[in-house]
Amino acid sequence: MLVLGRAVHPPWNEGTRVIAGDVAHLASGRRDVRTLSLTEPDFMDEVDERIDVEHLSAPGGGRLSEYSGLPRMASRVRLAAATGEFGVAHLVGVPLALAPLLRRMGVKVVVHVTLSRHAYQGRIDRLRALAAARAYGRFVDAWACAADPIRDDLLEAGYPAERLFVVPPGIDLELFRAVDRSAARRAVGLPESPFNLLYMGTVSPLRFPAPLIAEALADAVSDVPGLSLSVIAPERSHGYNVTWIDENVRSGLNGVDVPATIELRDVDHADKPNVYCAADAVLVPFAAPVAVEPPLTLLEAMACEATVIAAPHANRSRVIDNGRNGFIFEDARGLADAIRNAASRGRNGAGLGLSARSTVSNRFSAAATLAALDDLWEAIGV
């Protein structure tokens with residue numbers, strides 16, 4: 001099996017690259033796997049301890065890097081497919097232009113679709129994606145949708161139903177589990193406070209709507225003694241966070257009488273459970289669909305039995321059942337109420353954390369992902 005991805009390397013700060021690595025890792029228990037990654041030059045030496053990744057230089061950054069390294073990937077694919085050892089290729093975040101080449105060499109093609117209705121995808125990008133699907137769709141044996149809402153969107157767009165499959169992200173439940181709060185805080189350096197609200201991720205205005213969050217904090221602070229906010233934004237692979245921290249986070253929170261710790265740093269994948277467990281509640285406040293569906297931060301935090309407070313755009317897959325395994329808010333007043341509820345329930349939300357982990361275990365475990373992959377492979381004759 002071939003896994004063809006983009007930026008499949010640490011630091012793991014983007015859902016698509018995490019899913020590519022997870023597919024390669026999980027499938028390695030079923031098949032021989034070879035993973036090729038279109039990688040920007042600065043990250044060519046990065047190593048994933050779980051899988052062997054062959055990095056192919058793709059300079060330019062962003063969408064440009066997807067295409068600048070495409071000739072190298074096509075050449076390497078020809079060499080790999082010529083051996084006859086690979087019956088299927090999984091494309092995760094790489095151009096569909098590879099599909100005809102693979103099919104000509106007798107390799108089945110599975111394309112992973114990790115998001116839809118993306119708010120940052122402009123009109124030109126949407127037209128380009130639609131044109132690519134029309135041009136190369138006939139060379140695709142299966143579309144592996146990360147969630148039911150994505151499958152529904154593709155079905156509505158005219159994709160053939162018989163080639164649409166749901167392959168949920170598989171969360172490593174051995175890694176993502178509850179750890180001691182005090183030890184976690186010491187490990188990651190989060191401040192001691194009676195109630196710490198955490199946000200970890202890119203701090204664009206749609207991912208982190210600072211004015212709404214500021215209004216909610218101002219509303220809740222009198223009822224939640226010791227309320228504090230921690231924001232951790234990735235740096236090395238998301239340099240634009242430097243600007244957004246000043247223009248969005250600090251400016252948006254200005255004047256709110258709640259202590260806020262704002263830092264730029266890349267959190268190692270293995271340290272994420274400490275970050276989630278150090279907080280009293282984890283915030284996923286997306287103002288629009290801006291991440292893979294469902295957001296991996298949401299699933300990872302729930303697996304760690306954290307109390308998660310999320311906006312509806314982060315819950316399109318209905319992972320959170322409001323009040324049972326987390327909280328959903330519609331506006332600033334709703335967020336303030338969710339903070340109050342989380343604080344009143346105490347650590348792990350009086351059973352809420354256990355329910356959250358059970359949800360992830362049932363729907364987004366490695367076993368669930370492997371079962372979906374097995375069904376997909378059988379359906380396309382691999």
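**Figure 1. Leu 217 and its contacts within the largest nonpolar core.** In this predicted model, Leu 217 is in contact with Leu 197, Leu 227, Leu 229, Leu 253, Val 256, Val 258 and Ile 339, when its neighbours within four places in sequence are left aside. Leu 217 is also one of the residues that touch the most other members of the largest nonpolar core, which has 95 residues, and it shares this role with Phe 208, Ile 309, Ile 339 and Leu 376. A second core, separate from that one, has 34 residues, among them Leu 2, Ala 89, Val 94 and Leu 102. In soluble globular proteins, nonpolar side chains tend to be buried together.

**Figure 2. Helix 14 and its buried side.** Helix 14 runs over residues 366–379, and its 14 residues reach 20 Å from the first C-alpha to the last, which is close to the 20 Å expected at 1.5 Å a residue. The residues Thr 369, Leu 370, Ala 372, Leu 373, Leu 376 and Trp 377 of this helix are buried. Because these buried residues cover an arc of only 160° around the axis, they lie on the same side of helix 14. They pack against helix 1 (15–27) and against four strands, namely strand 4 (88–92), strand 5 (108–113), strand 6 (142–145) and strand 7 (164–166). The face turned away from the buried side carries Ala 367, Glu 378 and Ala 379, which are exposed. Just after helix 14, Gly 381 takes a positive phi of about 80°.

**Figure 3. Ala 97 in the loop between strand 4 and helix 4.** Ala 97 lies in the loop that runs between strand 4 and helix 4, the latter spanning residues 98–104. Its relative accessibility is 31%, and Ala 97 therefore counts as partly exposed, since this class lies between the limits of under 20% for buried and over 50% for exposed. Apart from its neighbours within four places in sequence, Ala 97 is in contact with Leu 70 and Tyr 136. Cys 277 is 180 residues from Ala 97 along the chain, and the C-alpha atoms of these two residues are separated by 42 Å.

**Figure 4. The cis peptide bond before Pro 294.** Glu 293 and Pro 294 are joined by a cis peptide bond, for which omega is about -5°. Pro 294 belongs to the loop between strand 11 (281–284) and helix 11 (296–303).

**Figure 5. Two residues with positive phi, Glu 305 and Arg 318.** Glu 305 is not a glycine, yet it has a positive phi of about 65°, and it is found in the loop between helix 11 and strand 12 (308–310). With a relative accessible area of 14%, Glu 305 is buried. Arg 318, which is likewise a residue other than glycine, has a positive phi near 55°, and it lies in the loop between strand 12 and strand 13 (327–328). Arg 318 has a relative accessible area of 70% and is exposed.

**Figure 6. The setting of these views in the whole chain.** The protein chain has 14 helices and 13 strands. Its radius of gyration is 21 Å, close to the 21 Å that the globule rule gives for 382 residues, so the chain is as compact as a globular protein of that length. Buried residues make up 55% of the 382 residues, and among contacts between residues at least 6 apart in sequence, 73% join residues at least 24 apart. The chain exposes about 15,800 Å², of which carbon and sulfur atoms supply 48%.

Technical notes:
Residues numbered from 1 in each chain as written. Heavy atoms only, no water. Helix = DSSP H or I, 4+ residues; strand = E, 2+ residues; numbered from the N terminus. Expected span 1.5 Å × (residues − 1). Buried < 20%, exposed > 50% of the residue type's maximum accessible area, 1.4 Å probe, protein only. Arc of directions from axis to C-beta. Contact = heavy atoms within 4.5 Å. Core = buried A, V, L, I, M, F, W, Y, C linked by side-chain atoms within 4.5 Å. Rg over C-alpha atoms; globule rule 2.2 N^0.38 Å. Areas by Shrake-Rupley, 256 points an atom, 1.4 Å probe, with all protein chains shown as cover.
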